[in-house]
Amino acid sequence: MTTILLHGGRVHTAADPDATAVAITDGVISWIGAEHALEMAGRPDHVVDLDGALVTPGFVDAHVHTTDAGLALTGLALGAATSLADCLRRIGDAAAAVPPGELVWGHGWDETTWPENRPPTRAEIDLTVGNRPTYLSRVDVHSALVSTALVARLPQSTRSATIDPHLPQTRDGHHLVRNLAKSLLTPGRRAAAQRAFLSGALAAGIVEVHECAAGDESGQDDLRALLAIETPISVLGYLAAAVGDPEEARALLARTGAVALAGDLSVDGAIGSRTASLTHPYHDDPTTSGTRYLTDDQLAEHLWACASAGVQPGFHAIGDDGVSAVAHALRRATARLEDTAAGVGTVRMAGCVPRIEHAEMADAEAIATFAATGTVACMQPMFDAAWGGPDGMYARRLGRERAVPMNALARFASAGVALALSSDAPVTPASPWLAVQAAVHHRTAGSGLSSRAAFTAHTRGGHRAAGRTDRAVGTITVGAPAHLAIFAAGELVRPAANEKVARWSTDPRSRVPLLPDLTPGAPMPVTLATIVGGRVAHDVGLLAGVGDAVAVPGLT
């Protein structure tokens, strides 16, 4: 039995908001207290002086794309491009470093931030990269620029039927070129990208990520490769594969190592690429209302089959048509379960913890359905920070009236919907404190969360989204797994309540644990160490010498 004692810090725990110390024994939190009571921690094998550092539950990023996010870190990142010309220059510089005939992979361009307000054409990409197969995903990863050298590797019949010769690829064409580009990644390049992202996540204080893998063979192969990597961070695989049979659901999990048939099982696309499914046409392009990838029947069948098999189901849905379709399917599937076993339909559906990813345009009826069926909403506050507001991309695509109610975190919380926060990396960076800040300082007044609610959604909420019902997991409580992050942080402040959703008192006597100041412009906490299951998984020197001294029970 091995014990490590961390003391002289500030411990974020409801068990004792004045705590300065925490002990970990064999991967489990064994004691919490103050400096005057350190002897109650027993005889620790290792003692670390935190020198005022803040200890919190580790973050969970509940929706990521590890390979794509890693490639953005290790390769061509286009998010900083300020114009069409600047984007082409960056692509050209990256292509010049790649031998002719080898893959150029990039991510992050967003034409809505450029003065030209248009993406490069195929001809401009070809002139820039030459004969190198090139795949460049838009910031939302729902469309991409490609080179002719990449498209030429597709069968002629496929090219003629699905590939646009000039514009960015969307819908089925995008899926084809994306899979083709991924097939050109060498195993070494893929592994390096995956490791880069996971290391970066640990350095941000993240103890677990939920990998949202594509359901086709390419996506399954990518997921298997990821799950085979030895890493201290917990990685849960969410496979985007629709099923209609309970046995098929169980077999898919057994074959791939996934824990759920959910994640980016896409009902529709994204607002920026104009593929999110809307009930009315886009404001800036009245010729389209987006795209539906799954029918109402497919949605209901998937939910019923997964619930019958005891497998967690879920969908990606963004537009109002797509989000309402998921809510309708939940009601249908629950009713079918009720017919199968009277009186337990809602219990069985809630018991498998269905998820909806994004849910950006949810109306009151959909939100009420999510609450009634125990559906967890995994949302991305930095989407609002990047594209919300009266003059943001959402307003341009949809018109201000439809854009204002988007990403209304407070409405979900006040209705009793369990929330988990995420980055959707590489769409936004895996920077959880920035996500919490964005959730608090929503661009639409009344739509944000209190700092306590946002922090909880990005910690314990992620565990809830994974189906863990033990309320101690994701908190600093005696008996809880030691999944912790340690930060250098400034003065702590008492969380301000949102009167619409607050379920606690902010009176100092209520002993609510304090949090860092998340005011825009205030310095964000800096990660000093991350502990997963008692194991030091990331450290800048604070915990030198204790890395493998504590057992790792795993995330349970």
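This passage looks at one helix, one helix pair and two nonpolar cores in a predicted model.

Helix α7 is a good place to start. It runs over residues 187–203, and its 17 residues should span 24 Å at 1.5 Å a residue; the end C-alpha atoms sit 24 Å apart, so the expected and computed spans agree. As for what is tucked away, the buried residues of α7 are R190, A193, Q194, F197, L198, A201 and L202. An α-helix has 3.6 residues a turn, so residues three or four places apart point the same way. Just past the end of α7, G205 takes up a positive phi of about 90 degrees.

Next comes a helix pair further along the chain. Helix α9 (residues 246–256) packs on helix α10 (residues 296–309) at an angle of about 70 degrees, and their axes are 8 Å apart. Because angles from 65 to 115 degrees count as roughly perpendicular, that label fits α9 and α10. On the α9 side the contact is made by P246, A249 and R250, which meet W304, A305, S308 and A309 of α10. Sorted by class, this contact holds five nonpolar residues, one polar and one charged.

That leaves the cores. In soluble globular proteins, nonpolar side chains tend to be buried together. The largest nonpolar core here counts 79 residues, and the members touching the most others are V209, L261, F370 and F412. Setting aside neighbours within four places in sequence, F412 is in contact with A359, A362, I367, F370, A377, M379, V417 and L419. There is also a second, separate core of 24 residues, with A482, A529, I531 and V546 among them.

Definitions and conventions
Residues numbered from 1 in each chain as written. Predicted model: local features only at pLDDT ≥ 70, side-chain atom pairs only at ≥ 80, totals over all residues. Heavy atoms only, no water. Helix = DSSP H or I, 4+ residues; strand = E, 2+ residues; numbered from the N terminus. Expected span 1.5 Å × (residues − 1). Buried < 20%, exposed > 50% of the residue type's maximum accessible area, 1.4 Å probe, protein only. Axes fitted to C-alpha atoms, helices over the stretch in contact; angles between N-to-C directions. Parallel < 35°, antiparallel > 145°, perpendicular 65-115°, else oblique. Contact = heavy atoms within 4.5 Å. Nonpolar A, V, L, I, M, F, W, Y, C, P; charged D, E, K, R; others polar. Core = buried A, V, L, I, M, F, W, Y, C linked by side-chain atoms within 4.5 Å.
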